[in-house]
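Open the model in your viewer and keep the selection box at hand. This tour says what to select at each stop and what is there.

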Amino acid sequence: MSSLAARAGSPGGAPHVLVVDDSAVLRMYYRQILETAGYRVSEAINGLEGLEQALRTSFDLCIVDVNMPMMDGYAMLRELRRDTSTRSIPVLMTSTEAAPHDRSRAIEAGANTYLVKPVPPDRLTGYVAALVGKVQA
């Protein structure tokens with residue numbers, strides 16, 4: 001954890017990750033993996049709530065599901081990229097949709113990467129570390 005805290009740009013030490021997913025089970029899964037790896041985690045249940053949190057709080061990374069009520073992940077991501085205060089936050093988009101056009105659509109909306117659920121813990125933490133590292137570079 002000390003190496004994460006040393007790299008962290010956000011107040012409070014460890015990098016702060018926002019998990020946006022309408023599934024409570026998946027939010028809990030991501031939280032457990034990320035907190036064990038030394039990250040601070042906040043949660044949102046849909047894109048609208050995620051966008052509101054991202055506009056109010058500084059995050060080092062957002063993990064955003066595609067299919068959610070109120071505002072889907074694509075719409076949330078487009079809004080994040082439009083706002084000068086949030087446009088540089090790395091975004092890891094996740095979905096059960098595995099077709100090549102799903103990945104392309106996520107990248108076009110502004111995602112840094114796209115992972116198909118379920119994401120194994122070591123793969124998740126590897127991508128998160130790489131994206132948080134880009135923020136610090």
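Contact, on this tour, means heavy atoms within 4.5 Å. With that in hand, note that the model is predicted.

**The whole chain**

Show everything as a cartoon. The protein has six helices and five strands. Read from the N terminus, the elements run α-β-α-β-α-β-α-β-α-β-α. Of its 137 residues, 46% count as buried. Among contacts with a separation of 6 or more, residues 24 or more positions apart account for 62%.

**Stop 1: strand S1**

Select residues 16–20, which form strand S1. Five of the five residues of S1 are buried. Now show the side chains. In a regular strand, side chains alternate between the two faces of the sheet. His-16, Leu-18 and Val-20 point one way from S1. Val-17 and Val-19 point the other way.

Which strands pair with S1? Add strand S2, residues 40–44. S1 and S2 run parallel, joined by five bridges. Look at Val-19: Glu-43 of S2 stands opposite. Next add strand S3, residues 61–65. S3 also runs parallel to S1, with four bridges between them. Here Leu-18 has Cys-62 as its bridge partner.

Add helix H2, residues 24–36. Together, S1, H2 and S2 make a right-handed β-α-β unit.

**Stop 2: helix H3**

Move to residues 47–56, helix H3. Colour Gly-47, Gly-50, Leu-51, Gln-53 and Ala-54, the buried residues of H3. They cover an arc of only 165° around the axis, so they sit on the same side of H3. An α-helix has 3.6 residues a turn, so residues three or four places apart point the same way. What covers the buried residues of H3? The cover includes S1, S2 and helix H4 (73–82).

Then select Asn-46 and Leu-48. Asn-46 caps the N-terminal end of H3. One of its side-chain oxygens lies 3.0 Å from the backbone nitrogen of Leu-48.

**Stop 3: Asp-65 and Lys-117**

Go to Asp-65, in S3. Is Asp-65 buried or exposed? Its relative accessibility is 5%, and buried means under 20%, so Asp-65 counts as buried. Show Lys-117 as well: a polar contact of 2.9 Å joins the two side chains. Beyond its neighbours within four places in sequence, Asp-65 is in contact with Val-20, Asp-21, Asp-22, Gly-73, Thr-94, Ser-95 and Lys-117.

Stay at Lys-117 and step on to Pro-118. The peptide bond from Lys-117 to Pro-118 is cis, with omega near -5°. Pro-118 lies in the loop between strand S5 (113–116) and helix H6 (121–136).

**Stop 4: the loop between S3 and H4**

Two residues are worth selecting here. Val-66 is in the loop between S3 and H4. Val-66 is buried, at 3% relative accessible area. Not counting residues up to four places away in sequence, Val-66 touches Asp-72, Gly-73, Tyr-74, Met-93, Thr-94, Ser-95 and Tyr-114. Add Thr-96, 30 residues from Val-66 along the chain. Their C-alpha atoms are separated by 8.6 Å.

Met-70 lies in this loop between S3 and H4 too. Met-70 is exposed, with a relative accessible area of 67%. Check its backbone: phi is positive, about 70°, although Met-70 is not a glycine. Most residues other than glycine have a negative phi, and most peptide bonds are trans.

**Stop 5: the nonpolar cores**

Select Leu-18, Val-20, Val-64, Met-76, Leu-77, Leu-80 and Met-93. These have the most contacts inside the largest nonpolar core, which has 22 residues. The elements that give two or more residues to this core are S1, H3, S3, H4, strand S4 (91–95) and helix H5 (100–109). H4 supplies the largest share of this core, four residues. Apart from this core lies another, of 16 residues, among them Val-19, Val-41, Leu-92 and Leu-124.

Finish on Leu-77. What is Leu-77 in contact with, leaving aside its neighbours within four places in sequence? Show Val-91, Met-93, Ala-106, Ala-109, Gly-110 and Ala-111 to see these contacts.

Definitions and conventions:
Residues are numbered from 1 along each chain as its sequence is written. This is a predicted model: local features need pLDDT of at least 70, side-chain atom pairs count only at pLDDT 80 or more; totals for chains, interfaces and linings use all residues. Side-chain values use heavy atoms; hydrogens and water are left out. Buried means under 20% relative accessible area, exposed over 50%, partly exposed in between (1.4 Å probe, protein chains only). The arc is that of the directions from the helix axis to the C-beta atoms. A polar contact is a pair of N or O atoms within 3.5 Å; within protein, one must be able to donate a hydrogen and the other to accept it, and residues adjacent in sequence count only if both atoms are side-chain atoms. Two strands pair if DSSP finds at least two bridges between them. A crossover is right-handed if, with the strands pointing away from the viewer, the path from the first strand over the helix to the second runs clockwise. A nonpolar core is a set of buried Ala, Val, Leu, Ile, Met, Phe, Trp, Tyr and Cys residues joined through side-chain atoms within 4.5 Å.
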